[in-house]
Amino acid sequence: MAEILQEAPGRSDDRTTNERIMAALRSRPALGVALFLTLVVFWLLGQQQGASLSDLLSLTVWGVMLGGIIALGAIGLTLVYGVLKFPNFAHGELVTLGAYGALTISALLPAGPAMQPFSFGWELMAGLILSMPIVSLIALVVDRVLFRPLRLRFASLVLFAMASLAAAFFLRSAIYLVWGSDFLFYYPGRANPAIEMPLGIRVQADQLFVFGLAVVLVIITWFLLERTRMGKAMRATANNPDLAQVRGINTERVIAWTWILGASLAAAGGVMYGLASQLRPEMGFWLLLPMFAAAIVGGLGSPIGDIAGASIIGVAQQVSSSFLNPAYGPGVAFILLVIVLVLQPQGLFGQGGD
Amino acid sequence: MALLEVRGVTAGYGDTEILRNVSMEVGEGEIVSIIGPNGAGKSTLMKTIFGLLHPREGSIIFDGQDISRLQPYQIVERGMCYVPQVANVFTDLTVSENLEMGAFLAKTNDIAARKERIYEYFPRLKERRNQRAGKMSGGERQMVAMGSALMLEPKLVLMDEPSAGLSPKMVGVIFEQIRKINEAGPAILIVEQNAKLSLEMSHRGYVLASGENRFEGTGEELLNDPEVGRLYLGG
């Protein structure tokens with residue numbers, strides 16, 4: 001913002017026109033405009049490929065819903081990054097574990113009828129709720145055997161990042177071993193017909209459910225962080241770990257709760273992603289780049305920013321599928337990530353910078 | 001018996017020894033200043049007392065217990081709080097949340113009442129309780145830092161250079177508050193560059209130079225000692 005104010009006409013400074021243009025481009029409003037223009041270009045490209053207006057609108061709405069899932073992962077990444085100060089490359093595997101965990105739990109339970117208008121029954125809901133503590137436990141075990149020894153030795157950031165990459169490979173291999181490499185479905189063959197909405201937008205009831213649940217979980221997370229003692233301690237530890245220790249905050253307990261919250265959100269996101277598409281051992285890995293992109297677009301350390309960033313990434317990915325093979329989705333997220341890093345590395349809502 | 005007793009402590013980082021055989025004590029309800037030139041090891045002594053650094057030799061006795069091997073949170077639990085010189089507030093948290101974090105270990109439910117007491121010391125903080133601490137002035141931050149340290153109603157508060165970076169007027173305000181806080185109960189151990197002002201307020205003082213005790217006495221004695229004056233009080 002400060003840079004823009006300095007651009008006021010009549011104010012002379014030593015900078016050349018070129019430098020002033022660059023400074024104006026590297027501001028938060030400019031980043032917002034650039035991201036919006038990217039989405040507009042995607043729309044136009046989609047239209048060129050023959051997508052109708054209602055198709056594009058539907059894709060946009062689906063994109064916002066995919067954004068809800070991505071946001072759940074991005075919030076966890078942001079929390080872990082804030083408190084433990086490393087990018088957790090194994091976060092995608094927590095998403096996958098959540099999806100498969102719910103599959104196994106719901107298969108063990110007696111199957112009930114579908115809860116109309118949704119395609120799933122109560123047993124999947126139970127699976128979703130139970131998979132959250134199970135994945136949290138897995139995350140705590142990984143922390144205990146892998147990250148905690150590194151913490152006690154004051155290891156460098158690179159070591160933590162590499163260790164999390166190793167954890168990702170290990171967990172993914174375990175998923176292959178247990179569940180195999182085939183695509184799986186919560187309800188094979190069960191259809192969830194689309195609901196017609198105004199403007200020709202077609203949305204499945206399941207997608208609406210997924211989005212609604214994502215919003216509820218984000219609000220609960222916000223409440224936990226802003227209003228509870230442990231949530232405040234998490235923010236305090238992320239803000240100033242040394243002072244947190246001086247104030248008598250037990251850092252190990254804060255770290256444990258950070259994993260529990262982050263893993264629970266990832267697990268819920270995984271079940272929702274599995275419901276919206278299908279279960280694959282790489283499903284979480286393919287969400288990792290969009291999750292990182294959303295966290296950085298929104299600005300690391302800001303849950304509200306995570307939602308905004310995730311929605312932008314989700315819409316871009318979905319709309320791009322009207323002119324690109326959907327397999328390029330993570331590539332699209334990568335393009336947006338680069339735009340942000342070049343223009344305004346603090347993201348849309350991040351702290352620091354201007 | 002003294003509340004805090006530092007007995008022949010030697011400490012440092014890596015291969016460097018910063019403190020050598022330092023001994024000192026703080027009695028119940030006392031204000032004690034540690035003065036000395038830059039690099040004398042004043043801050044290191046604070047960190048060693050608070051468990052951020054462990055002594056290589058010697059011991060630190062607080063309230064009758066040896067605390068020289070304890071972690072900071074265990075020392076906080078025993079009733080000692082620390083106000084660091086820099087980065088001493090959670091900049092992303094509000095004033096009110098900063099105070100709550102000061103009482104993280106409190107096992108009581110009267111956090112609100114304790115906050116009110118801090119607001120009595122520092123009325124300015126009450127006006128700004130919902131503001132993020134990062135957006136406040138240096139003096140106000142110092143108030144937040146001191147207020148957070150008082151939330152646990154400690155027996156001893158360590159203050160590392162409370163006057164650093166403040167305007168002369170604000171230094172007066174802060175020192176006046178330190179005196180009031182002390183009258184209400186806790187003993188205070190201050191490390192200060194602003195030696196004169198600090199000694200005037202203190203019951204006793206120590207002069208630390210090159211990691212060793214050089215002088216010790218009441219605040220007045222040190223202020224009037226010609227050698228201390230020449231060396232450390234600027235004439």
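How many residue pairs, both at pLDDT 80 or more, are in polar contact between chain A and chain B? In this predicted model, the count between chain A and chain B is 8 such pairs. The side of chain A that touches chain B draws at least two residues from each of helix 9 (229-239) and helix 10 of chain A, and its largest share, 7 residues, is supplied by helix 9. Sorted by class, the residues on this side of chain A comprise 7 nonpolar, 6 polar and 5 charged.

The interface can also be described by its contacts and its area. In total, 18 residues of chain A are in contact with 25 residues of chain B, and the two chains bury about 2,000 Å² between them, of which 56% lies on carbon and sulfur atoms. Within chain A, the residues that lose the most area to chain B are A:Asn239, A:Val246 and A:Arg247, which together account for 33% of what that side buries. Between the chains there are 2 salt bridges, and one of these joins A:Lys232 to B:Glu100, with the closest N and O atoms 2.5 Å apart.

The largest pocket holds about 1,200 Å³ of space and is lined by 36 residues, among which A:Phe154, A:Pro241, A:Asp242, A:Gln245 and A:Thr251 lie nearest its centre. Two or more lining residues come from each of helix 4 (53-84), helix 6 (122-152), helix 10 (241-246) and helix 11 (251-276) of chain A, and likewise from helix 1 (42-49) and helix 2 (72-77) of chain B. Helix 10 of chain A contributes the most to this lining, with 5 residues, and the lining as a whole consists of 19 nonpolar, 10 polar and 7 charged residues.

Enclosed space was examined as well, and 2 cavities of 30 Å³ or more were counted. The largest cavity, with a volume of about 60 Å³, has a lining that includes A:Asn88, A:Asp143, A:Phe147 and A:Trp259. Helix 6 and helix 7 (157-179) of chain A are the elements that give two or more residues to this lining, and helix 6 gives the most, with 4 residues. By class, the lining of the largest cavity has 8 nonpolar residues, 1 polar residue and 1 charged residue.

The second largest cavity contains about 30 Å³ of space and is lined by A:Phe120, A:Leu124, A:Met125, A:Leu128, A:Phe209, A:Val271 and A:Leu275. These lining residues divide into 7 nonpolar, no polar and no charged, and the largest share of them, 3 residues, belongs to helix 6 of chain A.

Conventions:
Residues numbered from 1 in each chain as written. Chains lettered and ligands numbered in written order. Predicted model: local features only at pLDDT ≥ 70, side-chain atom pairs only at ≥ 80, totals over all residues. Heavy atoms only, no water. 1 Å grid on protein atoms, 1.4 Å probe; cavity = no way out; pocket = protein on both sides within 12 Å on 5 of 7 lines; lining within 4 Å. Points joined across faces, edges and corners; volume = space filled by probe spheres on them. Nonpolar A, V, L, I, M, F, W, Y, C, P; charged D, E, K, R; others polar. Contact = heavy atoms within 4.5 Å. Buried area = accessible area lost by both parts, 1.4 Å probe. Salt bridge = Lys/Arg side-chain N within 4 Å of Asp/Glu carboxyl O. Polar contact = N/O pair within 3.5 Å; in protein donor to acceptor, adjacent residues only side chain to side chain.
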